[in-house]
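Visitor: I should like to discuss the charged side chains of this structure. Please show the sequence and the model.

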Amino acid sequence: MTLNPWRLRLLSQLDALGTVRAVAQAANLSASSVSQQLAVLESETRTQLIERTGRRVRLTSAGLILARRARSILDQMEAVEAELRGLNDEPSGLIRLGAFQSSVHTLAVPAIGSLGHPHLSVEIVELEPHASMPALLSGEVDVIITTTDFVELPVPGDIDVVPLGEDPIVLVTPPGQPKNDIAACKDEPWAFDIPGSYMATLATRLCRQAGFEPRVVGRFSNYMLTLKHVEAGLAVAVLPALAVDRRFDVLTRELPVTRRITAAVRRDSRAAITAVLDALHTRSQSDER
């Protein structure tokens, strides 16, 4: 039996993402191509890996075992390839770093710019916490910058976490309209992140804890659009402090809430992974100073 690594990755992604359509989008393939490759994998293993019920599929017990072993197999293969490319233990290869929007230019870009390893390349992918952990689990990315405060998406036990710091959560209001707390904004229109995201979930929870259901008039995955909306007097918002660009004429009020910023990786001792984690940690410590 010879297992094809590419097909193993597709199976691992199906376990993490849940649908053939999602796997197809992640792999830049058609859904029919993904289904065909998974069928080939079943033939190669001579084992039923997928159960089909109408248009939906789910992994069998054997499929789950292989999908979860596949993550370890693929990580080990990448580690061996990196070692073979290495020169005198110099970190090498390609590391894919998933980072939430407000950390890209404040943390990820400066950290990667300081690496100084000529054989190491880093590809930065913008991923919010609700998307980055599934991407890490499926092997789409190797390291993520995320938060451990997303209670709706707990960190799995086989993921290692490196604390990077804390970021205050702030109430953002239009110029000339100071508000002391969220309760004072119960009659205001609100701008939210997209449904299911960390910030949309947090903002909804904070409003409900203050005793009201927010009236949402805009949803933006881009913080710049949210700030522009607030600056124009069309809404108020809750944002991480890192996301507030001082070029916008808005008021901020720090709330008694913070988000813990962390890096997370699958258990992996590659020199390249360690180099990226060290650079992120060093950058976060310099920001605190």
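Visitor: Is D75 buried or exposed?
Guide: This is a predicted model, and the answer rests on its computed accessibility. Residues under 20% relative accessible area count as buried. D75 has a relative accessible area of 10%, so D75 is buried.

Visitor: Which residue forms a salt bridge with D75, the closest N and O atoms being 2.7 Å apart?
Guide: The partner lies in strand β10 (residues 251-266), whereas D75 belongs to helix α4, and 191 residues separate the two in the chain. With a relative accessible area of 7%, this partner is also buried. The residue that forms the salt bridge with D75 is R266.

Visitor: Which residues do salt bridges that share partners join into one network with D75 and R266?
Guide: The pair of R266 and D75 is part of this network. Shared partners connect these two with R96 and D142.

Visitor: How many residues apart in sequence are the parts that the pair of D15 and R71 ties together?
Guide: D15 and R71 form a salt bridge, with 2.8 Å between the closest N and O atoms. D15 counts as buried at 17% relative accessibility, and R71 does at 15%. Because D15 sits in helix α1 (residues 5-17) and R71 in helix α4 (residues 61-85), the pair ties together parts whose separation in sequence is 56 residues.

Visitor: Does H105 count as buried or exposed?
Guide: H105 is located in helix α5 (residues 101-113). The cut-off for exposed is over 50% relative accessible area. Since the relative accessibility of H105 is 65%, this residue counts as exposed.

Methods
Residues numbered from 1 in each chain as written. Predicted model: local features only at pLDDT ≥ 70, side-chain atom pairs only at ≥ 80, totals over all residues. Heavy atoms only, no water. Helix = DSSP H or I, 4+ residues; strand = E, 2+ residues; numbered from the N terminus. Buried < 20%, exposed > 50% of the residue type's maximum accessible area, 1.4 Å probe, protein only. Salt bridge = Lys/Arg side-chain N within 4 Å of Asp/Glu carboxyl O.
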